[in-house]
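Here are a few notes to read alongside the model. They cover the pockets and then a small sheet.

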Amino acid sequence: MTELRFPENFVWGAATAAYQIEGAVHEDGRGPSIWDTFSRTPGKVFQGHTGDVACDHYHRYADDVALMAELGLKAYRFSVAWPRIQPDGTGPVNPRGLDFYDRLTDTILARGIDPIVTLYHWDLPQTLQDQGGWTNRDTAEHLADYAVAVHTRLGDRIRTWTTLNEPWCSAYLGYGNGVHAPGEQDPGKAFAAVHHLLLGHGLAARALRAAGAETLGITINPADVQPADPASAADGEAVRLVDGLHNRIFLDPLTGAGYPSDVLEHVSRLVDPTFIRDGDEKTIAAPIDLLGVNYYAPTYVAGRPGGAGNGAYPGTEGLVEFLPPTGPLTEMGWMIEAAGLARLLERIGRDYPGLPLMITENGGAFPDKEGVDGPDGHGQVMDSDRIAYLDGHLRAAHRAIARGVDLRGYLVWSLLDNFEWAEGYRKRFGIVHVDYLTQRRTPKSSARWYREVISRNGL
Ligand code: GBH
């Protein structure tokens with residue numbers, strides 16, 4: 001019996017990203033990206049893993065799409081690798097790179113699945129990084145050119161276009177604490193990157209709209225920031241600061257309110273924000289039709305003089321204590337708290353009304369347990385922890401919908417086990433297991449469970 005039914009036409013799907021699954025990094029004229037460089041830099045990625053082969057999706061995409069159809073997915077979110085389209089990040093397009101996404105798109109459509117494109121999921125062409133990457137304003141213009149190049153080829157078939165994936169990560173992890181490529185640690189650069197990513201989004205959105213893109217959006221990873229002690233005023237101030245640096249710094253300008261003054265004040269204490277020019281906020285506010293929300297775990301903070309802060313949030317040192325995760329954790333060490341998803345969706349729905357939302361990523365890294373009765377004698381991959389996680393988060397999403405949030409869909413992260421950035425292949429987020437030695441795909445028990453959820457449109 002279906003207990004919790006989702007709205008009609010609710011979009012059910014899964015998500016991936018180019019560098020995490022494709023492999024084939026030297027094929028068909030692809031240029032190097034910052035992740036090729038970073039993964040080859042000793043000490044940056046677990047055991048020096050790279051995306052060189054990954055899930056070999058570049059060659060196995062047709063089988064992978066067939067698998068999506070078997071699971072009953074209605075939508076599939078993938079990203080286009082900028083360095084396949086423009087190997088140096090600018091200039092003439094590389095037709096062989098576009099050919100791949102052309103084939104992929106046709107294969108997805110032939111299976112009755114709706115493609116959702118992410119234009120930029122962190123694989124910046126290395127040549128652009130050599131010119132400063134996201135600290136260079138020109139990169140924003142280049143992103144818009146690249147977006148148009150992809151749309152020119154695929155715009156007749158793809159309806160939903162999103163510009164960036166999680167600019168918070170690109171800026172703060174890439175240029176703030178250096179855990180992600182390009183691995184820089186400089187608060188000034190992190191804030192310049194935030195601005196140029198937003199500017200690039202605005203320029204790309206405007207260009208895509210002019211080119212006729214139907215549904216336009218961006219995916220962010222807003223944080224559910226909670227106080228250690230709800231009764232403490234100091235903790236409330238810490239929440240306000242971290243919320244500003246994580247959420248309002250993106251959501252306010254995206255929705256036309258410009259940068260919040262308290263956030264600008266904080267930024268100005270660390271860097272002269274001359275990278276923000278007249279008219280930029282207007283560009284960033286280009287109308288969008290969809291906000292992609294990626295949610296994994298909540299963030300608990302306390303206001304504490306002398307608090308350690310967090311390198312990913314420049315200027316929080318001496319002010320904020322980020323609480324260590326407690327309770328049940330995923331293999332990433334992230335808290336499992338489904339209520340955080342409901343809080344987050346309701347908050348965005350309340351503070352930024354009128355913006356349709358889609359959960360463009362949610363999921364977790366969990367251990368696989370081998371079952372004995374695999375369908376083809378290979379052992380079944382049992383991941384009951386993942387089922388419990390997804391079930392809990394879907395219930396939270398349903399609660400938010402019941403309370404009036406305009407949530408249009410849910411995409412699980414991820415279809416396949418894949419290259420988990422700095423963690424390499426040791427962390428597995430897939431509902432489908434990948435044996436990296438043979439590239440054999442085995443749907444986990446969560447995949448079978450998810451297929452049921454989709455077919456019943458509910459839990
Ligand atoms: C996403 O990033 C990416 O879009 C995707 O490519 C990636 O594979 C996937 O998630 C899984 O990592 O330390 O408990 O406070 C997610 C990035 C996850 C960054 C949660 C901040 C803080 C958790 N974020 N994280 S916690």
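1. A quick word on terms before the pockets: here a pocket is an open set of grid points where a 1.4 Å probe fits, with protein on both sides within 12 Å along at least five of seven lines. Bear in mind that this is a predicted model.

2. The largest pocket comes out at about 1,000 Å³. It is lined by 40 residues, and those closest to its centre are Trp-168, Leu-173, Asn-221, Ala-297 and Trp-334. Helix 8 (167-176) and strand 8 each supply at least two lining residues, with helix 8 giving the most, at 3 residues.

3. What is that lining made of, by class? For the largest pocket, it's 25 nonpolar, 11 polar and 4 charged residues.

4. The second largest pocket holds about 340 Å³ of space. Of its 19 lining residues, Val-11, Arg-159, Thr-160, Met-358 and Arg-408 lie nearest the centre. Strand 3 (114-120) and strand 13 (407-413) are the elements that give two or more residues to this lining. The class split here is 9 nonpolar, 3 polar and 7 charged.

5. Now back to strand 8, which also sits in an open sheet of 3 strands, order 6-8-9, with mixed pairing. Strand 6 (225-227) and strand 9 (320-322) are the edges, each pairing on one side only. From one strand to the next, the twist averages 40 degrees.

6. Strand 8 (residues 299-303) pairs with strand 9 in the antiparallel sense, over 3 bridges. If you want a spot to look at, Val-301 stands opposite Phe-322 in strand 9.

7. Finally, helix 10 (residues 233-254) lies across strands 6, 8 and 9, and runs at about 130 degrees to strand 8.

Notes. Residues numbered from 1 in each chain as written. Predicted model: local features only at pLDDT ≥ 70, side-chain atom pairs only at ≥ 80, totals over all residues. Heavy atoms only, no water. Pairing = 2+ DSSP bridges. Helix = DSSP H or I, 4+ residues; strand = E, 2+ residues; numbered from the N terminus. Axes fitted to C-alpha atoms, helices over the stretch in contact; angles between N-to-C directions. Contact = heavy atoms within 4.5 Å. 1 Å grid on protein atoms, 1.4 Å probe; cavity = no way out; pocket = protein on both sides within 12 Å on 5 of 7 lines; lining within 4 Å. Points joined across faces, edges and corners; volume = space filled by probe spheres on them. Nonpolar A, V, L, I, M, F, W, Y, C, P; charged D, E, K, R; others polar.
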